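Let's take a walk through this one together, stopping at a few residues and one pocket. Have the sequence and the 3D view open as you read.

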Amino acid sequence: MAATLPRPVRLRLQQTLGQWQHWQLETPLSQPPVPTRVLTSGLSNFNVLVEAGRQFVVRLDGLDPAAIGLNRQAEWRALQNAAQQGLAPTPRYRNPELGSLVCDYLEPDTDTCQNPGTVARLLQGIHRLPPVHARLDLRERMLRYEHRLANHGTSRNALSLSRREALAALEQLEQLEQLEQLEIDPTSPVLCHNDLLAANRVTSGGTLWALDWEYCAMGDPFFDLAVVVVGDQLDPAETGDLLTSYLGRQPDEASRRRLYWHSTVYRYLEQLWYAAYRK
């Protein structure tokens with residue numbers, strides 16, 4: 001129950017629930033919502049299931065969003081657009097001062113089927129959404145995490161993936177961006193989820209949905225693909241299926257290299273994040 005939450009988080013939850021009459025609903029609630037279960041409780045966020053004739057999820061910040069480079073306004077706009085396209089739960093309320101977000105709860109199906117093809121289709125839908133005023137800068141994010149790590153007195157030498165390898169991949173990607181600006185291989189940035197791990201996907205009502213959009217920003221769609229490849233630990237055959245389903249054709253060598261470079265960068269960022277913030 002909510003009593004297991006830290007007291008400051010519990011107070012912010014109560015204040016958010018106290019604003020229930022301001023939640024954006026087609027049919028207003030007739031009674032205040034009450035907490036029924038803590039879904040996740042950790043460093044980054046706290047998620048609580050609440051009910052008032054229907055169920056919602058209240059997310060409460062565990063870390064200062066600005067300190068980890070998150071844009072809550074961009075997330076809200078992306079969520080609204082994604083919900084309209086049936087890609088994400090509908091957002092109902094946000095309060096930046098309380099660090100809270102309320103969305104519809106999607107009951108997971110008992111029989112789920114997620115494969116590279118279904119995930120590729122979800123990514124295609126996400127990448128067709130309208131743009132937001134936020135851009136993913138991989139180099140800036142790397143430096144932010146490294147700075148946090150240094151402040152904790154942890155050496156990067158403790159990471160299994162070297163910084164040199166990640167920087168080499170970044171340089172390859174930045175060279176590719178320069179070529180795109182010269183229209184050799186033009187690919188405009190698209191809205192990306194940037195954290196579409198298995199924990200942030202749910203099959204509900206026979207549809208695959210994307211949850212937790214806090215890292216969404218404009219960027220290279222291949223980074224989104226890399227998150228799935230690394231996070232789902234896809235083997236080469238599954239990686240090929242994902243890329244083929246997403247592109248709608250057999251991937252060429254350039255596409256494979258692009259995915260490999262993004263996967264290398266993501267692996268390093270993932271290790272940095274856990275080393276820097278899971279303290």
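Is Arg-72 buried or exposed? Arg-72 counts as buried, because its relative accessibility is 15%, and buried here means under 20% relative accessible area, exposed means over 50%, and partly exposed is in between (1.4 Å probe, protein chains only). Before going on, some ground rules: this is a predicted model, where local features need pLDDT of at least 70 and side-chain atom pairs count only at pLDDT 80 or more, while totals for chains, interfaces and linings use all residues. Residues are numbered from 1 along each chain as its sequence is written, and side-chain values use heavy atoms, with hydrogens and water left out.

Back to Arg-72, which is found in helix 2. Helices (H or I, at least four residues) and strands (E, at least two) are DSSP runs, numbered from the N terminus. What does the side chain of Arg-72 pair with? One polar contact, of 2.5 Å, joins it to the side chain of Asp-61, and another, of 3.0 Å, joins it to the side chain of Glu-214. A polar contact is a pair of N or O atoms within 3.5 Å; within protein, one must be able to donate a hydrogen and the other to accept it, and residues adjacent in sequence count only if both atoms are side-chain atoms. If you leave aside residues up to four places away in sequence, Arg-72 also touches others, including Asn-45, Arg-59, Pro-65 and Arg-94; a contact means heavy atoms within 4.5 Å.

Gln-73 lies in helix 2 as well. Gln-73 counts as partly exposed because its relative accessibility is 41%. From Gln-73 to Tyr-246 you cross 173 residues in sequence and 28 Å in space, C-alpha to C-alpha.

Now for another arginine. Arg-201 lies in strand 7 (residues 201-204), and it counts as buried because its relative accessibility is 7%. Its side chain makes a polar contact of 2.8 Å with the side chain of Asp-232. Not counting residues up to four places away in sequence, Arg-201 touches Gln-114, Val-119, Leu-122, Leu-196, Leu-208, Trp-209, Val-228 and Asp-232.

One of those partners, Val-228, takes us to helix 6, where it is among the buried residues. Helix 6 spans residues 221-231 and is mostly covered, with ten of its eleven residues buried. The buried ones run from Pro-221, Phe-222 and Phe-223 through Asp-224, Leu-225 and Ala-226 to Val-227, Val-228, Val-229 and Val-230. At the start of the helix, a side-chain oxygen of Asp-220 comes within 2.8 Å of the backbone nitrogen of Phe-222.

What follows helix 6? That would be Gln-233, with a positive phi near 55°, in a residue other than glycine. Gln-233 sits in the loop between helix 6 and helix 7 (236-247) and counts as exposed because its relative accessibility is 70%. Asp-212 is another non-glycine residue with a positive phi, near 50°. You'll find Asp-212 in the loop between strand 8 (207-210) and strand 9 (217-219), and it is partly exposed, with a relative accessible area of 32%.

Asp-212 also leads us to the largest pocket, as one of the residues nearest its centre, along with Asn-47, Asp-195, Ala-199 and Asn-200. On a 1 Å grid over the protein atoms alone, a pocket is an open set of points where a 1.4 Å probe fits, with protein on both sides within 12 Å along at least five of seven lines; lining residues have an atom within 4 Å of a point. The pocket's volume is about 1,100 Å³, taken as the space filled by probe spheres set on the points, which are joined across faces, edges and corners. Its lining has 41 residues, and helix 8 gives the largest share, five residues.

Finally, the cysteines. How many disulfides are there? The count is zero, where a disulfide is a pair of cysteine sulfur atoms within 2.5 Å. Cys-103 is too far for a bond, because the closest cysteine sulfur, in Cys-216, is 12 Å from its own. Cys-192 is in no disulfide either, with the sulfur of Cys-216 being the nearest at 9.7 Å. Cys-103 counts as buried at 9% relative accessibility, and Cys-192 counts as buried at 0%.
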